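Hi there,

Here is the structure I promised to pass on to you. Have a look at it first, and then read on for what turned up.

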Amino acid sequence: MTPGVTPPPLATREQALAWFAAERGTLLAAIRRAEAGGWDGHCWQLAHSVSTFLYARGHWHDLIAAQRSAVRAARRLGERTGEGHAHLSLARAYSALGRWARMRPHLRRALALFTRSGDHGGLARAHNAIALSHSRQGEHVRALHHNQQALTHYRLAGNANGYGQALNDIGWGYAMLGRHRLALRYCRRALAVLGGLADPTEAGHTWDSLGYVHHRLGDHARAAACYERAVALFRENGSRYHEAESLTRLGDTHRAAGDGDAARAAWQQARDILDGLRHADTARVRGLLAELSTR
């Protein structure tokens with residue numbers, strides 16, 4: 001630590017998120033400065049450190065700029081792990097923006113780098129990202145295959161959070177294929193793993209999956225309760241886009257249950273978040289609200 005510099009105490013998740021939000025511009029400038037100054041190790045490591053925050057808060061263009069610097073810096077150092085993680089972050093950002101053609105080369109490169117280094121944690125994340133890309137394009141059988149690969153690699157890496165995430169993703173895949181009872185089994189296993197861990201994000205995804213499955217099974221009250229739990233967890237962790245996704249599905253459940261007012265309230269919250277992110281999903285939510293107002 002530089003003499004005379006005293007870092008602020010960050011005792012809670014909320015304080016950490018507030019610090020990242022306040023210092024986002026400074027951190028991005030530091031990544032650019034590190035690359036320009038030839039401090040390649042600092043460049044890719046700092047870019048990796050801020051990637052989760054930038055993704056969760058919807059700063060996808062900032063994430064792309066930072067990870068492009070990270071790829072160049074890690075490649076100059078011959079740092080396969082760093083380059084692989086930078087490619088994965090680029091793929092996630094392009095996926096969030098729906099730019100599939102830009103995403104795929106980064107996924108292939110990440111998978112190749114982690115295969116060469118035998119990095120089970122990296123391979124798990126790569127298979128998970130590939131699965132997500134297939135799922136978002138409606139290719140659920142392919143997504144399921146890659147999520148099963150991710151489960152194996154997370155187990156070999158000893159990553160409990162990732163293992164629980166993969167269990168949930170497999171459950172989601174079965175839900176997308178209409179196998180709802182099998183989906184419940186995997187999602188409940190995921191919750192048993194994730195419920196005792198500190199990171200609320202993956203537990204939020206599992207509650208969201210459970211909400212979807214209960215909705216499809218016609219249990220709207222239980223579905224709404226699951227979605228509300230997911231929204232609370234995403235909000236706690238600052239995952240704005242995922243909060244909007246769960247709010248949108250919560251509105252779908254309220255509408256199916258015949259509660260138009262509750263549906264409108266959920267969709268309005270989702271719309272406001274997506275407007276702030278300037279996300280394309282805003283159009284769909286606005287369409288749902290318009291449709292509701294005509295009834």
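Below are my notes, going from the whole chain to a few single residues.

Please keep in mind that this is a predicted model.

**The whole chain**

The protein chain is built from 14 helices and 0 strands, so if you follow the elements from the N terminus on, you meet α each time. Its C-alpha trace spans about 60 × 40 × 35 Å along the principal axes. The radius of gyration is 20 Å, which agrees with the value near 19 Å for a compact globule of 295 residues. Of those 295 residues, 48% count as buried. Among the contacts with a separation of 6 or more, 54% come from residues 24 or more positions apart.

On the outside, the chain exposes about 14000 Å², and carbon and sulfur atoms supply 50% of that area. As for charge, there are 39 positive and 25 negative side chains, with the centres of the two sets 6 Å apart.

**Two threonines in helix H12**

Helix H12 covers residues 240-256, and Thr253 is part of it. Is Thr253 buried or exposed? Its relative accessible area is 1%, so Thr253 is buried, the cut-off being under 20%. The side chain of Thr253 makes a polar contact of 2.7 Å with the side chain of His215. Leaving out residues up to four places away in sequence, Thr253 touches His215, His220, Ala223, Ala224 and Tyr227.

Thr248 is also placed in helix H12. With a relative accessible area of 6%, Thr248 is buried as well. Its side chain reaches the backbone oxygen of Ala244 at 2.8 Å. Again not counting residues up to four places away in sequence, Thr248 touches Trp267, Ala270, Arg284, Val285 and Leu288. For Leu288, the C-alpha to C-alpha distance from Thr248 is 9.2 Å, while the two residues are 40 apart in sequence.

**An arginine in a loop**

Where is Arg278 found? Arg278 sits in the loop between helix H13 (260-277) and helix H14 (281-293). Its phi is near 55°, a positive value in a residue other than glycine. Arg278 has a relative accessible area of 79%, and because this is over 50%, Arg278 counts as exposed.

If you open the model, Thr253 with His215 and Thr248 with Ala244 are the two side-chain pairings described here.

Best wishes

Notes:
Residues numbered from 1 in each chain as written. Predicted model: local features only at pLDDT ≥ 70, side-chain atom pairs only at ≥ 80, totals over all residues. Heavy atoms only, no water. Helix = DSSP H or I, 4+ residues; strand = E, 2+ residues; numbered from the N terminus. Buried < 20%, exposed > 50% of the residue type's maximum accessible area, 1.4 Å probe, protein only. Polar contact = N/O pair within 3.5 Å; in protein donor to acceptor, adjacent residues only side chain to side chain. Contact = heavy atoms within 4.5 Å. Rg over C-alpha atoms; globule rule 2.2 N^0.38 Å. Areas by Shrake-Rupley, 256 points an atom, 1.4 Å probe, with all protein chains shown as cover. Lys, Arg positive; Asp, Glu negative; His and termini not counted. Charge placed at Lys NZ, Arg CZ, Asp CG, Glu CD.
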